[in-house]
Amino acid sequence: MTPTGPQPLPPSPDAAPRFTGRAAYVISQLYYYLVAIVAFGFVIGGTVASLIALRGLVLPDPGREASDSVRGFLQGLSFAVPAFVAAWWHLVQARRRQGLGVHGEFWGRSLYFHGVAFMAYGVTLGGVIATLFSLVEAAFAPDCPAQPSDVLFDFCTSASDALRGALNAGIVVVVAGAVWWWHLRQGRRPVST
C-alpha cells in the first residue's frame, strides 16, 4: 500500500547543506581542554623540578652549592607558573562556553582556527618558559673565561648570552602570541552567541 497525498521532494543537489553547529562547538571545546591538559603536564614537571631543587636546599647533595638548588628551583617555577596560568585560563574559558553553539555553522572553519591556535599556543608557552629560563640563567651565569677560536664547544653561558636568549625567546612569544590570539578570536566568533 502506498501513501496518498503529496510526497516531499528529495533535496536539490544545489541546496546548501544544513549544519547543526555541534561539530564546531565540540572542536572549540576540545581546543580549550587539550591546551589545559598539555599545560598541566608542564605544571607537574615544573613542580617536581622545583620540589627536587628545594629538597637540595634542605638536604644538600655533596659537592653542590646552594646557588645550584636556587637556580633549579627558579627554573622549575619558570615551567610551572606560566603553565598553571595557561591551564587555569583555558579551563575558565571552556566552562564559560559550555552549552553555547551556533546552528548552521560549518565545522571546518572552527577546526582550522582552533587547530592553528592550539599549535601557536604551544609555541607561545614554550617561548614564555624559555624567556623565564634564560632570565634565571642570566641571574646565575658564571664569569666565562675567554675561549680560543679553535675551541669547538663552549659550555659556559655568560649573562649576556643568556639575556640574548631571553630576548630571542621574547620575540617568539610576541610572534606566536599574536598568531594565537588572532586565530583564537576568529575561531570563537562562530561559536559564541
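**A tour from Glu137 to the pairing of helices 1 and 2**

Select Glu137 to begin: beyond residues up to four places away in sequence, Glu137 touches Arg71, Gln75 and Ala162. The model on display is a predicted one. Widen the selection to residues 107-139, and helix 3 appears, the element in which Glu137 is found. Next, colour the view by accessibility. Glu137 has a relative accessible area of 19%; this residue is therefore classed as buried, since the category covers values under 20%.

Now move to Ser69, which lies in helix 2. With neighbours within four places in sequence set aside, the contacts of Ser69 are Ala53, Gly56, Leu57 and Arg64. Displaying these four side by side with Ser69 shows its surroundings. The relative accessible area of Ser69 is 7%, and Ser69 is buried.

For the next stop, select residues 22-58 as helix 1 and residues 66-96 as helix 2. The two helices pack with their axes 7 Å apart, at an angle of about 160°. Helix 1 is therefore roughly antiparallel to helix 2, because an angle over 145 degrees counts as such. Rotate the view until one helix lies in front of the other: the crossing of helix 1 past helix 2 is left-handed.

Finally, colour the contact between helix 1 and helix 2 by residue class. Which classes make up this contact, and how many residues does each supply? The contact has 26 nonpolar residues, together with 10 polar residues and 1 charged residue.

Definitions and conventions
Residues numbered from 1 in each chain as written. Predicted model: local features only at pLDDT ≥ 70, side-chain atom pairs only at ≥ 80, totals over all residues. Heavy atoms only, no water. Axes fitted to C-alpha atoms, helices over the stretch in contact; angles between N-to-C directions. Helix = DSSP H or I, 4+ residues; strand = E, 2+ residues; numbered from the N terminus. Parallel < 35°, antiparallel > 145°, perpendicular 65-115°, else oblique. Left-handed = near helix turned anticlockwise from the far one by under 90°. Nonpolar A, V, L, I, M, F, W, Y, C, P; charged D, E, K, R; others polar. Buried < 20%, exposed > 50% of the residue type's maximum accessible area, 1.4 Å probe, protein only. Contact = heavy atoms within 4.5 Å.
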